[in-house]
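The following exercises concern the fold, the nonpolar interior and the confidence of one model. Please work through each task with the structure open before reading its solution.

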Amino acid sequence: MAGPLSNLRVLDLTRVLAGPWCTQMLADLGADVVKVERPRNGDDTRHWGPPWVKDGDGEETADAAYFLAANRNKRSIAIDLASVEGQALVRELALQSDILVENYKVGDLARYGLSYAELRKLNPRLVYCSITGYGQDGPYADRPGYDFIFQGEGGLMSINGEADDKPGGGPMKTSIAVTDILTGLNAAIAILAAVESRHSSGTGQHIDLSLLDTMVHFGSTQIVNFFATGEIPRRCGNESPSLMPYQTFPTADGHVIVACGNDGQYRKFCALMGREDLTTDALYSTVKARNVNRRGLQREIDMEMRKQTSAYWLAHLSGAGVPNGPINDYEQVFQHPQVVHRELRVDLPHASGGSVSTVRNPIRLSDTPIDHRLAPPQRGQHTREILAEILGKDAQTIQMLLGAGVIESVDGQRNAASSEKTTSAPEVAMPRP
């Protein structure tokens, strides 16, 4: 069954994470995503190893596993955008596309004749989405940026991490590149909104997505509190600034999460611990009182929770109707009965001859289910196919373009581990040329 976006073609001029995450979401929903990569290098994340993708013989390829996370269900064509012929090919592809997504620095694609202003003349229905660090205008518009930078600059690190007066306290970024992921999701939402608007207007539009804008917006719940009170939010580790108990607690052999969102759940929790006195004590009987006097309550709860194992508490908290959860590593996540049932690991045959594992898209549609149909491609894997199918190029023309170095096809690149492998800084970069 065709996906809900199977009538749309996306020209993907993105790399690294924010843009590719957006286009993978569209690809998972059925869109034909044509990923344009640079010859010889391709997407930056192909080199962010180890670990590396392995072929059918168990040998390492030139592609890092990181690339797999955001490039499923796409076709790859390798084009040299610095060449006039390569720019012409991209313009031809834009003419045959509904959506273009790019994450070049502001103004760079204009140098290649590929700006929104120029492409809309060729294809007025084109929805053109630009993803940058700071947006298309403003005093910082020309600056490059990285996910890590925006976690700090956009305020997240001021509230993430243990409190300054505790061991290990201080600013902390998230281990996942949350700025990139959220920007990619916002871009996908914006694109679908623009496509819907096109139904009535008949024309596309330009979408301006900024990593900084996204990160500031992400902090809205804390920021609105700041607007209301003038008090700057601070780091509080695994605690909630507005609920108690709503945090991790030590057990006899580890930690568990307890999340009491109301007085009823709190009373059940106290009854389970055999500490009903904590529900009648005026210091702890209401949400407001528990917030004000949280340190004293935490000492009482810590003392009780350390008396039993994590398994004991997880079983009994669930039985008592108290929201709770374990702290799993990723091996435990994929042994979780619900994760196994929902088949969140997806294994796909790879062009190298082996198979690769990706994480299932979380969207579940009853009538047009998502199809995890294509493994992340090798660089230039579909160059010949795309040029012939979409642009109608004959074999002779394609061979001429290959010979001139305008394009690259997978049959001409090395797949095994080789000198193509490079080490890369571990931080997730905001894509830029």
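**Exercise 1: Strand pairing**

Determine the sense in which strand S1 and strand S6 pair, and place both in their sheet.

Solution. In this predicted model, strand S1 covers residues 9-13 and strand S6 covers residues 99-102; the two run parallel and are joined over four bridges. One such partnership links Leu13 to Glu102 in S6. Next, consider the whole sheet: it is open, has seven strands in the order S8-S7-S6-S1-S2-S5-S14, and its pairing is mixed. At its edges lie strand S8 (206-210) and strand S14 (407-408), each of which pairs on one side only.

**Exercise 2: Nonpolar cores**

Identify the residues of the largest nonpolar core that touch the most other members, and the element that gives the largest share.

Solution. This core holds 29 residues, and those touching the most other members are Leu11, Leu13, Ile79, Leu89, Leu387 and Ile407. Elements giving two or more residues include S1, strand S2 (32-37), strand S5 (74-79) and helix H2 (84-95). The largest share, four residues, is that of H2. Beyond four places in sequence, the contacts of Leu11 include Val34, Val36, Val90 and Leu93. A second, separate core has 28 residues, among them Leu8, Ala31, Ile99 and Leu212.

**Exercise 3: Confidence**

Locate the stretches where pLDDT stays under 50.

Solution. Begin with the chain: its mean pLDDT is 93, and 95% of its residues reach 70 or more. Then examine residues 412-420 and residues 422-433, where pLDDT stays under 50. Where pLDDT is low, the predicted coordinates should not be interpreted in detail.

Terms used: Residues are numbered from 1 along each chain as its sequence is written. This is a predicted model: local features need pLDDT of at least 70, side-chain atom pairs count only at pLDDT 80 or more; totals for chains, interfaces and linings use all residues. Side-chain values use heavy atoms; hydrogens and water are left out. Two strands pair if DSSP finds at least two bridges between them. pLDDT is the predictor's confidence in each residue, from 0 to 100. Contact means heavy atoms within 4.5 Å. A nonpolar core is a set of buried Ala, Val, Leu, Ile, Met, Phe, Trp, Tyr and Cys residues joined through side-chain atoms within 4.5 Å. Buried means under 20% relative accessible area, exposed over 50%, partly exposed in between (1.4 Å probe, protein chains only).
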